[in-house]
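Please work through the exercises below with the sequence and the model side by side, trying each task before reading its solution.

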Amino acid sequence: MGDQKNESQPHPSEPPHIQSSAERRDRDILRTERSQLAKLAQVIKLGDFMAILMVLATFFSAYATWRTAMLTSTIFAVADRPFLGVQQVTFEATDAQHPMISVNFRNFGSIPALDAIVSVHAVIDGRVVKPADAMSAKDAGILSPNVPHYFYVSLPPDKYQAVAAGKSNLQVHVRLIYKGPAHEKQLCYFERFAYNFGVGVFQASGGDDRCGTDVF
C-alpha cells in the first residue's frame, strides 16, 4: 500500500538546475534578438535619414540650377538689347512764330533698336497742346546705338510766353516703343519732363518702362 502511494506521486520533468539553465538560455536568446532588432531599427532610421538628405540635396541642386539659368537669362537680356532714352529736352526758335520743344533721344544700348515709334506731347496746365503741324508721333524705324535723333513739338507763342514767365506749368511726355533681338517682345520707355522756369531747364518728373494704351 505504501509503495503504491509513492509510485502515484508526479515527478518533475527536469531537475531544478536544468530548468534554470534553460530559462537563462531563453533569456539570452531574447536579449540577442532584441539587440538585433534595435540595430536593425537604427539601420532603418539611418537609411531614412540618408534618403531625406539625398532628397534635400537634389532639391537644392535643382534650385541652384534654376537660379543660375535665371541670372544668365537676365544678364543676357540686359547686355544684349537696345536701350532708348532721352538725352536732353530744350526750347528752340523761341523768337520765331512757333517756338519749338526739341527732344534729343537716342539708343544707349549696344545693338540697334527695331520698329521704333516715338511720340511726344506737350501738356500745359494739365491739357495736351495740339501741335500746329498735327504731328505728335512718328515711325523712327531702326535706331543705331549712340546716334542722336530729334523730335520737335511746336507751341503757340502766347502759351510759350506764359510758360517762360512762370504763369503756366509745362510738361513734356516722351514715349519710345521699340523692339530688340526678340522681335515678339515690345520694349518701352516713358518719361515726363517738367519745365523749371526759374533756371530755364527741363527736369525729369517720373516715368516707367511699361507702356499701356493711355497716353498719359
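**Exercise 1. Determine how many bridges join β2 to β6, and place both strands in their sheet.**

Step 1. In this predicted model, for which local features need pLDDT of at least 70, side-chain atom pairs count only at pLDDT 80 or more, and totals for chains, interfaces and linings use all residues, β2 and β6 run antiparallel and are joined by six bridges. Residues are numbered from 1 along each chain as its sequence is written, and side-chain values use heavy atoms, with hydrogens and water left out.

Step 2. Strands are DSSP runs of E with at least two residues, helices are runs of H or I with at least four, and both are numbered from the N terminus; two strands pair if DSSP finds at least two bridges between them. One residue pair to look up is S102, which stands opposite Y152 in β6.

Step 3. On β1, strand β2 (residues 100-107) pairs in the antiparallel sense over eight bridges, with E92 opposite M100 and F91 opposite I101.

Step 4. Taken together, the three strands form an open sheet in the order β1-β2-β6, with antiparallel pairing. Because β1 (84-92) and β6 (149-154) each have a single partner strand, they stand at the edges, and one side of each is left without a neighbour in the sheet.

**Exercise 2. Decide whether β2 is largely enclosed or open to the outside, and find how S154 of β6 is placed.**

Step 1. Apply the cut-offs for relative accessible area: buried is under 20%, exposed is over 50%, and partly exposed lies in between, with a 1.4 Å probe and protein chains only.

Step 2. Seven of the eight residues of β2 are buried, so the strand is largely enclosed by the rest of the structure.

Step 3. S154, found in strand β6, has 5% relative accessibility and therefore counts as buried. The C-alpha atoms of S154 and H98 are separated by 5.8 Å, although these residues are 56 residues apart along the chain.

**Exercise 3. Classify the ring pairs F91 with Y160 and Y150 with Y152.**

Step 1. Rings of Phe, Tyr and Trp (its six-membered ring) pair if their centres lie within 6.5 Å; planes under 30 degrees apart count as stacked, over 60 as edge-to-face and the rest as tilted. By this rule the count comes to five aromatic pairs.

Step 2. The rings of F91 and Y160 have centres 4.9 Å apart and planes at 80 degrees, so this pair is edge-to-face. The pair links distant parts of the chain, since F91 is in strand β1 and Y160 in helix α3 (residues 157-164), 69 residues apart, and both residues are buried.

Step 3. For Y150 and Y152 the centres are 6.3 Å apart and the planes stand at 15 degrees, so this pair is stacked. Y150 is partly exposed at 38% relative accessible area, and Y152 counts as partly exposed at 37%.

Step 4. F91 and Y160 also form one aromatic cluster with Y195 and F202.

**Exercise 4. Find which residues have the most contacts inside the largest nonpolar core.**

Step 1. A nonpolar core is a set of buried Ala, Val, Leu, Ile, Met, Phe, Trp, Tyr and Cys residues joined through side-chain atoms within 4.5 Å.

Step 2. The largest such core has 30 residues, and those with the most contacts inside it are F91, I101, V103, L170, V172 and F202.

Step 3. Among the elements that each supply at least two residues of this core are β1, β2, β6 and α3, while β3 gives the most, with six residues.

Step 4. Leaving aside neighbours within four places in sequence, L170 is in contact (heavy atoms within 4.5 Å) with residues including F91, I101, V163, Y195 and F202.
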